[in-house]
Amino acid sequence: MKYIDMHTHTTASDGVYTPRQLIKYGISKGLQGIAITDHDTVDGIDEGLNAVISKKDFIVIPGIELSTEYMGKEVHILGYSINYKCENLLSTLSFLQKKRENRVIEVIAKLQKLQINITYDELIKRFGSSSVGRPHVAELLITKGYVDTIEEAFNKYLKKGCVAYVDRYKITPFEGINLIKQAGGVAVIAHPKLIKNDKIVTDIIKKGIDGIEVYHPEHNTNDQKKFLQIAKDYNLIITAGSDFHRPPTSKDSHGDLGDKKIPIKNIQDIITTIK
C-alpha cells in the first residue's frame with residue numbers, strides 16, 4: 001500500500017525543513033507522497049515539484065492552508081491540486097502577506113514596549129521575508145532567551161488576550177473555498193475538531209466544501225468516527241495529515257511526518273485534478 005501525508009509545512013511558512021528536505025524526510029518515513037500545504041503561501045511548491053521530477057515513486061500535491069475566520073473562530077481551509085500560479089490566487093496571497101507583515105510589526109512594537117529587545121529586521125534576517133508570523137516571533141524569543149518553548153511564547157505574549165497580541169486580518173472560509181476553486185483546486189476543512197463549533201463545520205459543508213480532514217494528530221478515535229460519519233452523510237472526500245512542522249523533539253510539535261496518512265488510491269480524484 002502506498003501512503004501520502006496530506007498536511008505538511010515547509011520553511012516557506014513555519015516549518016523547519018525546506019521542501020527538498022521534507023521530501024527526503026518523507027521518503028525516509030516510508031511515504032510515497034506529501035501535499036505541501038504552507039500557511040497562506042505557495043512559495044515552496046516549485047522546489048517541491050522540481051525535487052520529485054526524477055522520483056517516479058513519490059508524488060507532491062501542490063497545496064495551501066488558508067487562514068480564515070467565521071463567527072469569531074479561526075478556520076483553516078486546505079486546498080489541493082491548485083494552480084499555484086493562478087493570478088487571482090497570487091494577488092490575494094500578496095494582499096494577505098502585506099497584512100501579515102503589518103501585524104508582525106505591531107506585535108514586535110508591543111514586545112519592545114515590554115523591554116524585549118527584538119526587531120523586525122532581525123526576524124527577516126533570520127527567517128526571510130516570506131510569510132513571517134507569530135511562530136517566527138516565538139522562535140526569535142527562544143533564541144534570545146526570553147522563553148524556553150513556542151508554547152510559552154504564545155501563552156505569555158502572543159496568543160489572544162496576551163500583552164503582545166494583535167488581531168489578524170482574515171478572509172472568510174467561503175472566500176477561501178472560492179479562491180481554491182478558482183485556482184482549480186479541491187477545498188477541505190482542516191482539523192475540524194479544533195474549530196470547536198459544529199455549526200461552523202456544517203455551514204462550511206453546505207457552502208460547497210469538497211472534503212474533510214478526518215485523521216489529524218488532534219483527533220482521537222471518537223473524533224475520527226464523528227468526522228467519518230459527517231463525510232459519509234455529505235459525500236465528502238476524506239483526507240489525513242500530520243500537520244507536520246518539525247520533528248517531534250518537543251511538545252511544540254504537531255505530528256511527526258507520516259503519523260497521519262492515507263492510501264494514495266483513496267485520493268485519486270484529487271491527484272487527477274493536478275494541472
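The legends below describe close-up views of a predicted model.

**View 1. Helix α1 and the elements that cover its buried residues.**
Helix α1 spans residues 19-28, and its buried residues are P19, L22, I23, Y25 and G26. Seen down the axis of α1, these buried residues fall within an arc of 160°, so they line one face of the helix. K24 and S28, on the other side of α1, are exposed. The cover over the buried residues of α1 includes β1 (3-8), β2 (33-36), α2 (45-51) and β3. G30 follows the helix and has a positive phi, near 85°.

**View 2. The crossing of helices α4 and α5.**
Two packed helices are described by the angle between their axes and the distance between the axes. Here the axes of α4 (residues 120-127) and α5 (residues 134-143) come within 10 Å and cross at roughly 95°. An angle of 65 to 115 degrees counts as roughly perpendicular, which means that α4 is roughly perpendicular to α5. On the α4 side the contact is made by E122, L123, R126 and F127, and on the α5 side by H136, V137, E139, L140 and T143. Sorted by class, the residues of this contact are 4 nonpolar, 2 polar and 3 charged.

**View 3. Helix α7 and its surroundings.**
In helix α7, which covers residues 173-182, the buried residues are P173, F174, G176, I177, L179 and I180. Strands β3 (59-70), β4 (73-80) and β5 (186-189) are among the elements that cover them. Helices α3 (87-113) and α8 (198-206) are also included in this cover. After α7 comes G184, with a positive phi near 75°.

**View 4. I82 in the largest nonpolar core.**
In soluble globular proteins, nonpolar side chains tend to be buried together. The largest nonpolar core of this model has 42 residues, of which I34, I82, I204 and I209 touch the most other members. With neighbours within four places in sequence left aside, I82 is in contact with V42, I45, P62, G63, I64, L89, I180, A183 and G185. Another core, of 20 residues, lies apart from the largest one and includes L111, I118, I150 and Y157.

**View 5. Y80 in strand β4.**
Y80 has a relative accessibility of 0% and therefore counts as buried. Residues up to four places away in sequence are not counted among its contacts. Y80 touches M6, A35, T37, I61, P62, G63, G185, V186, V188, T239 and I270. The C-alpha atoms of Y80 and I150 are separated by 28 Å, and the two residues are 70 residues apart along the chain.

**View 6. The contact between E74 and K170.**
E74 is placed in strand β4, whereas K170 is in the loop between α6 (150-158) and α7. E74 counts as partly exposed at 37% relative accessibility. K170, at 16% relative accessibility, falls under the 20% cut-off and so counts as buried. Not counting residues up to four places away in sequence, E74 touches T68, K170 and I195. On the same basis, K170 touches S67, T68, E69 and E74. T68 thus appears in the contacts of E74 and in those of K170. E74 and L194 are 120 residues apart in sequence, and 8.8 Å apart in space from C-alpha to C-alpha.

**View 7. Positive phi at D40 and at K196.**
Most residues other than glycine have a negative phi, and most peptide bonds are trans. D40 is a residue other than glycine with a positive phi, near 55°. The loop between β2 and α2 holds D40, which counts as buried at 6% relative accessibility. K196, likewise a residue other than glycine, has a positive phi near 60°. K196 belongs to the loop between β5 and α8. With a relative accessible area of 69%, K196 is exposed, whereas D40 is buried.

Conventions: Residues numbered from 1 in each chain as written. Predicted model: local features only at pLDDT ≥ 70, side-chain atom pairs only at ≥ 80, totals over all residues. Heavy atoms only, no water. Axes fitted to C-alpha atoms, helices over the stretch in contact; angles between N-to-C directions. Helix = DSSP H or I, 4+ residues; strand = E, 2+ residues; numbered from the N terminus. Parallel < 35°, antiparallel > 145°, perpendicular 65-115°, else oblique. Contact = heavy atoms within 4.5 Å. Nonpolar A, V, L, I, M, F, W, Y, C, P; charged D, E, K, R; others polar. Buried < 20%, exposed > 50% of the residue type's maximum accessible area, 1.4 Å probe, protein only. Arc of directions from axis to C-beta. Core = buried A, V, L, I, M, F, W, Y, C linked by side-chain atoms within 4.5 Å.
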